[in-house]
Amino acid sequence: QVHLLESGGDSVQPGGSLRLSCAVKGSFWRVDFMAWYRQAPGKERELVARIHNNTPQTYADSVRGRFTISRDMAKEEVYLQMDSLKTEDTAKYFCYAEIKTEWTSPLTTFWGQGIQVTVSS
(Lines give C-alpha, C1' and ligand atoms only; values in the text may rest on other atoms or scores of the structure.)
Protein backbone atom coordinates (compact mmCIF):
# COMPACT_ATOMS: atom_id res chain seq x y z
CA GLN A 1 0.00 0.00 0.00
CA VAL A 2 1.27 3.45 -0.92
CA HIS A 3 0.90 6.22 1.61
CA LEU A 4 2.38 9.63 2.32
CA LEU A 5 4.19 10.26 5.59
CA GLU A 6 4.40 13.87 6.70
CA SER A 7 6.58 15.42 9.38
CA GLY A 8 7.81 18.78 10.62
CA GLY A 9 4.63 20.38 11.88
CA ASP A 10 5.04 22.48 14.99
CA SER A 11 4.12 25.67 16.79
CA VAL A 12 6.27 28.70 16.08
CA GLN A 13 6.26 32.44 16.70
CA PRO A 14 5.62 34.92 13.89
CA GLY A 15 8.75 35.44 11.83
CA GLY A 16 9.99 31.95 12.54
CA SER A 17 10.70 29.10 10.16
CA LEU A 18 9.66 25.49 9.71
CA ARG A 19 10.41 22.79 7.18
CA LEU A 20 7.79 20.23 6.34
CA SER A 21 8.76 16.89 4.85
CA CYS A 22 6.71 14.27 3.04
CA ALA A 23 7.96 10.83 2.09
CA VAL A 24 6.26 8.42 -0.29
CA LYS A 25 6.15 5.05 1.43
CA GLY A 26 5.31 1.62 0.06
CA SER A 27 5.69 0.11 -3.38
CA PHE A 28 5.37 2.32 -6.44
CA TRP A 29 6.73 2.79 -9.95
CA ARG A 30 7.03 6.55 -10.25
CA VAL A 31 5.98 9.78 -8.55
CA ASP A 32 5.14 12.51 -11.05
CA PHE A 33 3.66 15.45 -9.17
CA MET A 34 3.82 16.42 -5.53
CA ALA A 35 2.27 19.35 -3.74
CA TRP A 36 1.40 20.91 -0.43
CA TYR A 37 -2.11 22.04 0.41
CA ARG A 38 -3.40 23.65 3.57
CA GLN A 39 -6.72 24.17 5.25
CA ALA A 40 -7.51 26.53 8.09
CA PRO A 41 -10.69 26.25 10.18
CA GLY A 42 -13.62 27.76 8.34
CA LYS A 43 -11.73 27.99 5.06
CA GLU A 44 -11.46 25.83 1.98
CA ARG A 45 -8.42 23.73 1.31
CA GLU A 46 -6.01 25.65 -0.89
CA LEU A 47 -2.96 24.82 -2.93
CA VAL A 48 0.22 26.16 -1.35
CA ALA A 49 2.87 24.91 -3.76
CA ARG A 50 3.30 22.25 -6.42
CA ILE A 51 6.33 20.63 -8.00
CA HIS A 52 6.80 18.40 -11.04
CA ASN A 53 9.88 16.24 -10.77
CA ASN A 54 12.40 18.79 -9.51
CA THR A 55 10.76 21.88 -11.01
CA PRO A 56 8.48 24.06 -8.89
CA GLN A 57 5.38 25.01 -10.85
CA THR A 58 3.00 26.91 -8.63
CA TYR A 59 2.98 28.99 -5.46
CA ALA A 60 0.02 30.61 -3.82
CA ASP A 61 0.27 34.39 -3.94
CA SER A 62 0.10 34.53 -0.17
CA VAL A 63 3.28 32.47 0.27
CA ARG A 64 5.37 33.39 -2.76
CA GLY A 65 8.74 34.69 -1.67
CA ARG A 66 8.44 33.13 1.77
CA PHE A 67 7.89 29.42 1.05
CA THR A 68 10.03 27.15 -1.10
CA ILE A 69 9.05 23.71 -2.36
CA SER A 70 11.75 21.23 -3.31
CA ARG A 71 12.10 17.53 -3.93
CA ASP A 72 14.71 14.86 -3.45
CA MET A 73 14.20 12.66 -6.50
CA ALA A 74 16.32 9.82 -5.15
CA LYS A 75 14.47 9.61 -1.84
CA GLU A 76 11.05 10.48 -3.26
CA GLU A 77 10.58 13.14 -0.63
CA VAL A 78 9.16 16.62 -0.97
CA TYR A 79 9.89 19.54 1.34
CA LEU A 80 8.28 22.84 2.11
CA GLN A 81 10.62 25.40 3.61
CA MET A 82 8.53 28.05 5.32
CA ASP A 83 10.22 31.30 6.32
CA SER A 84 8.89 34.55 7.74
CA LEU A 85 5.84 32.74 9.02
CA LYS A 86 2.71 34.72 9.74
CA THR A 87 -0.29 33.98 11.92
CA GLU A 88 -2.29 33.66 8.70
CA ASP A 89 -0.20 30.60 7.82
CA THR A 90 -1.76 28.67 10.68
CA ALA A 91 -3.45 25.65 9.13
CA LYS A 92 -3.35 21.93 8.69
CA TYR A 93 -0.94 21.13 5.88
CA PHE A 94 -1.49 18.16 3.58
CA CYS A 95 0.97 16.43 1.32
CA TYR A 96 -0.34 15.44 -2.12
CA ALA A 97 1.12 13.21 -4.80
CA GLU A 98 0.22 11.80 -8.19
CA ILE A 99 1.75 8.35 -8.47
CA LYS A 100 1.99 5.40 -10.82
CA THR A 101 2.03 2.39 -8.53
CA GLU A 102 3.14 0.28 -11.51
CA TRP A 103 4.21 1.32 -15.00
CA THR A 104 0.99 -0.09 -16.43
CA SER A 105 -1.17 1.67 -13.85
CA PRO A 106 -2.90 5.01 -14.31
CA LEU A 107 -1.79 8.06 -12.42
CA THR A 108 -3.40 7.97 -8.98
CA THR A 109 -3.73 10.69 -6.37
CA PHE A 110 -2.70 10.23 -2.75
CA TRP A 111 -3.12 12.45 0.29
CA GLY A 112 -1.29 12.59 3.56
CA GLN A 113 -3.20 12.75 6.82
CA GLY A 114 -2.18 16.33 7.43
CA ILE A 115 0.05 17.99 10.00
CA GLN A 116 -0.66 21.06 12.07
CA VAL A 117 1.30 24.27 11.73
CA THR A 118 0.49 26.93 14.29
CA VAL A 119 1.96 30.42 14.17
CA SER A 120 1.19 32.52 17.23
CA SER A 121 2.82 34.85 19.70
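Asn53 is partly exposed, with a relative accessible area of 32%. In this predicted model, Asn53 sits in the loop that joins strand S5 (46-52) to strand S6 (55-59). Its backbone stands out: phi of Asn53 is near 55°, a positive value in a residue other than glycine. Most residues other than glycine have a negative phi.

Glu76 shows a positive phi as well, of about 55°, and Glu76 is not a glycine either. This residue also belongs to a loop, the one between strand S7 (67-72) and strand S8 (77-82). Glu76 has a relative accessibility of 13%; the cut-off for buried is under 20%, so Glu76 counts as buried. Its side chain has a charged partner. Glu76 forms a salt bridge with Arg71, and the closest N and O atoms are 2.6 Å apart. Arg71 is buried too, at 6% relative accessibility.

The fold is built from strands. The protein has 11 strands and 0 helices. From the N terminus on, the elements run β-β-β-β-β-β-β-β-β-β-β. The radius of gyration is 14 Å, close to the 14 Å that the globule rule gives for 121 residues, so the protein is as compact as a globular protein of that length. Along the principal axes, the C-alpha atoms fill a box of roughly 50 × 25 × 25 Å. Buried residues account for 44% of the 121 residues. Contacts reach across the sequence. Of those between residues at least 6 apart, 54% join residues at least 24 apart. The exposed surface of the protein comes to about 6600 Å², and carbon and sulfur atoms supply 46% of that area.

Charges were examined next. The protein carries 14 positive and 14 negative charges, and the mean positions of the two sets are 1 Å apart. The structure holds 6 salt bridges. One of these pairs Arg38 with Glu46, whose side chains meet at 2.8 Å, N to O. The two partners differ in exposure. Arg38 counts as buried at 5% relative accessibility, whereas Glu46 is partly exposed, with a relative accessible area of 33%.

A further salt bridge joins Asp89 to Arg66, with the closest N and O atoms 2.8 Å apart. Asp89 lies in the loop between S8 and S9, and Arg66 in the loop between S6 and S7, so the pair ties together parts that are 23 residues apart in sequence. Both Asp89 and Arg66 are buried. These pairs are not isolated from one another: Arg38, Glu46, Arg66 and Asp89 are linked in a network of salt bridges.

Glu98 presents another case. This residue is placed in strand S9 (residues 91-100). Glu98 is buried yet has no salt bridge. The nearest side chain of opposite charge is that of Arg50, 4.7 Å away. A salt bridge requires the nitrogen and the carboxyl oxygen to be within 4 Å. With residues up to four places away in sequence left out, Glu98 touches Arg30, Val31, Asp32, Phe33, Leu107, Thr108 and Thr109.

Two buried glutamates thus stand side by side in this account. Glu76 has a salt bridge, with Arg71 as partner. Glu98 has none.

How values were computed
Residues numbered from 1 in each chain as written. Predicted model: local features only at pLDDT ≥ 70, side-chain atom pairs only at ≥ 80, totals over all residues. Heavy atoms only, no water. Helix = DSSP H or I, 4+ residues; strand = E, 2+ residues; numbered from the N terminus. Buried < 20%, exposed > 50% of the residue type's maximum accessible area, 1.4 Å probe, protein only. Lys, Arg positive; Asp, Glu negative; His and termini not counted. Contact = heavy atoms within 4.5 Å. Rg over C-alpha atoms; globule rule 2.2 N^0.38 Å. Areas by Shrake-Rupley, 256 points an atom, 1.4 Å probe, with all protein chains shown as cover. Charge placed at Lys NZ, Arg CZ, Asp CG, Glu CD.
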